[in-house]
Amino acid sequence: MSVLELKERLAANHVWRSIFRHRYVDSNRNRALTIFSNVFLHIHPVKVPERSIRFWHTMCLGGLSFALFLVLTVTGVLLMFYYRPAIPQAYRDMKELEFVVSSGAFLRNLHRWAAHAMVVCVFLHMGRVFYSGAYRPPREFNWVVGVLLLVLTLLLSYTGYLLPWDQLAFWAITVGTNMAAAAPGIGPKFKFLLLGGNVIGENALVRFYVLHCVVLPLAAAVLLAVHFWRVRKDGGVRPL
Amino acid sequence: MDDQGRGQTGSGSDRRRFLWFSGLGALGAASAGGAAVVLDFVHPKVLFEPPTAFRVGRPEDFPVNSITADYARKVYIVRTEVGFFALSAVCTHLGCITRHLEEEDAIFCPCHGSRFAKDGSLLVGPAPRGLRRIAIRLEDGELVVDTALEVEKDAVLRI
């Protein structure tokens with residue numbers, strides 16, 4: 001029995017057909033239908049020209065950045081099961097993840113490495129887009145979206161840095177918020193809002209936790225949707 | 001679909017224009033109101049922070065022409081022949097806690113190398129200005145420092 005016939009047998013029931021709305025016939029039309037009728041798959045086009053997937057044109061940097069974002073989300077959610085954003089639990093929970101929780105150290109390290117790698121990939125991706133001229137009309141707006149995504153990536157790194165609540169975290173946030181406070185006019189107010197007070201304490205930890213786990217990822221997800229949609233609308237990756 | 005402009009917003013009847021702009025205005029007012037409420041929400045009204053004013057000791061406890069450092073509370077108590085003043089130990093560059101060097105009789109910051117004189121004025125370094133002089137007063141025979149109140153650069157509590 002061929003693989004295709006096997007699939008047809010598997011799919012010959014009501015439950016399967018209610019989930020997957022395509023058959024297993026190998027025709028162009030059915031291939032297109034398989035892609036269109038899947039919300040995850042249809043982010044990519046049904047067919048891509050060979051030049052779009054040339055490795056050295058994009059070096060998969062955009063895709064890598066997104067893949068790393070997914071790794072960060074999954075590892076981040078898992079870490080959330082053991083981390084409490086309060087003093088003194090935060091530091092203790094981080095220690096617990098390191099030494100007690102099964103695979104805790106691995107997940108935490110994966111989260112950290114993926115964060116650094118994502119920053120690197122995002123910068124390299126920006127450089128690639130620039131040097132290949134992929135920001136020129138009609139793609140100028142997508143460049144802007146990309147820059148916003150870069151800022152969000154850096155903010156995610158910054159807010160996540162405070163969460164272990166160790167000396168490195170505390171002083172990094174001291175420096176960062178003092179820099180923010182140096183902005184004319186709104187600087188000190190912004191620092192007060194960011195910290196939830198005048199000192200770096202329990203309020204700051206909770207606020208940074210909410211920013212890191214909810215607000216910034218949501219903003220990033222929305223902008224990512226726009227970013228990908230824009231690439232598709234402008235004809236996909238098209239080297240000159 | 002007909003898109004020749006029949007019943008388009010901006011053009012068309014006065015009633016339609018009125019309703020369009022009223023709707024837009026209402027949406028704007030609601031959004032602005034919502035934003036104001038959220039902004040007020042994230043502003044903390046009650047803070048559980050340690051009080052900024054604290055006692056540091058009696059005047060007799062400090063020798064004349066001395067600098068006493070309290071790194072935990074981030075202040076220097078300086079006594080000159082004339083009287084007392086208090087300096088914030090927080091570096092004006094990016095917020096690290098400075099240190100008083102006895103040998104060199106100067107205050108320096110370990111983070112980026114800023115140096116300050118004994119009176120808090122800036123000598124060297126990426127710091128943009130001298131150390132903040134903060135309020136010190138005498139209360140029931142004890143010196144009380146308040147880190148939230150800043151005073152003039154040459155203010156001295158004469159004792």
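**Architecture of the two chains in the predicted model**

In chain A, 64% of the contacts with a separation of 6 or more are between residues 24 or more positions apart. This figure, like every other one below, is read from a predicted model. A good place to begin is therefore the makeup of chain A, which has eleven helices and zero strands. The pattern along its sequence is α-α-α-α-α-α-α-α-α-α-α. Chain A is more spread out than a compact globule, because its radius of gyration of 23 Å is well over the 18 Å that the globule rule gives for 240 residues. The C-alpha atoms of chain A fill a box of roughly 65 × 45 × 30 Å along the principal axes. Of the 240 residues in chain A, 21% are buried.A:S65 shows how one of these helices meets sequence-distant residues. This serine lies in helix α5 (residues 61-80) of chain A. A:S65 counts as buried, because 24 C-beta neighbours fall inside 10 Å, where 20 or more are required. Leaving aside residues up to four places away in sequence, A:S65 touches A:M118, A:C121, A:V122 and A:H125. The C-alpha atoms of A:S65 and A:V120 are separated by 8.7 Å, although the two residues are 55 residues apart along the chain.

Several backbone details of chain A invite a closer look. Most residues other than glycine have a negative phi, and most peptide bonds are trans. Against that background, the peptide bond that joins A:I87 and A:P88 is cis, with omega about 5°. A:P88 sits in the loop between α5 and α6 (89-99) of chain A. A second cis peptide bond runs from A:P137 to A:P138, with omega near 5°. Here too the proline is in a loop, as A:P138 is found between α7 (104-131) and α8 (140-162) of chain A. A:S103, which is not a glycine, has a positive phi near 60°. The loop between α6 and α7 of chain A holds A:S103. This serine is exposed, because 10 other C-beta atoms lie within 10 Å and the limit for an exposed residue is 12 or fewer.

Chain B is built from other elements, with one helix and eleven strands. From the N terminus on, these run α-β-β-β-β-β-β-β-β-β-β-β. Chain B is also more spread out than a compact globule, since its radius of gyration is 29 Å, well over the 15 Å that the globule rule gives for 159 residues. Its C-alpha trace spans about 90 × 40 × 25 Å along the principal axes. Buried residues account for 18% of the 159 residues of chain B. Among its contacts between residues at least 6 apart in sequence, 36% join residues at least 24 apart.

The domain assignment divides chain B into domain 1 (1-48) and domain 2 (53-158). Taken over C-alpha atoms, the centres of domain 1 and domain 2 of chain B are 53 Å apart. The helix of this chain, α1 (residues 14-41), has 28 residues. From its first C-alpha to its last, helix α1 of chain B reaches 40 Å, close to the 40 Å expected at 1.5 Å a residue. This helix is hardly covered, and the count of buried residues among its 28 residues is zero.

Turning to the strands, four of them form an open sheet in chain B, in the order β5-β6-β7-β8, with antiparallel pairing. The edges are taken by β5 (99-101) and β8 (122-124) of chain B, each with a single partner strand, so one side of each has no neighbour in the sheet. Strand β5 of chain B pairs with strand β6 (residues 106-108) in the antiparallel sense over three bridges. Within this pairing, B:I107 in β6 of chain B is the bridge partner of B:H100.

Chain B has its own residue with an unusual backbone angle: B:K74 is not a glycine, yet its phi is positive, at about 60°. B:K74 belongs to the loop between β2 (66-70) and β3 (75-79) of chain B. This lysine counts as partly exposed, because it has 15 C-beta neighbours inside 10 Å.

Finally, the two chains meet. Seven residues of chain B are in contact with eleven residues of chain A. On the side of chain B that touches chain A, four residues are nonpolar, two are polar and one is charged.

Terms used: Residues are numbered from 1 along each chain as its sequence is written. Chains are lettered from A and ligands numbered from 1 in the order in which they are written. This is a predicted model: local features need pLDDT of at least 70, side-chain atom pairs count only at pLDDT 80 or more; totals for chains, interfaces and linings use all residues. Domain bounds come from an automatic or database domain assignment. Helices (H or I, at least four residues) and strands (E, at least two) are DSSP runs, numbered from the N terminus. Two residues are in contact if their C-beta atoms, placed from the backbone, lie within 7 Å. Ala, Val, Leu, Ile, Met, Phe, Trp, Tyr, Cys and Pro count as nonpolar, Asp, Glu, Lys and Arg as charged, and the others, Gly among them, as polar. The radius of gyration is taken over C-alpha atoms; the globule rule is 2.2 Å times the number of residues to the power 0.38. The expected span of a helix is 1.5 Å times one less than its number of residues. Two strands pair if DSSP finds at least two bridges between them.
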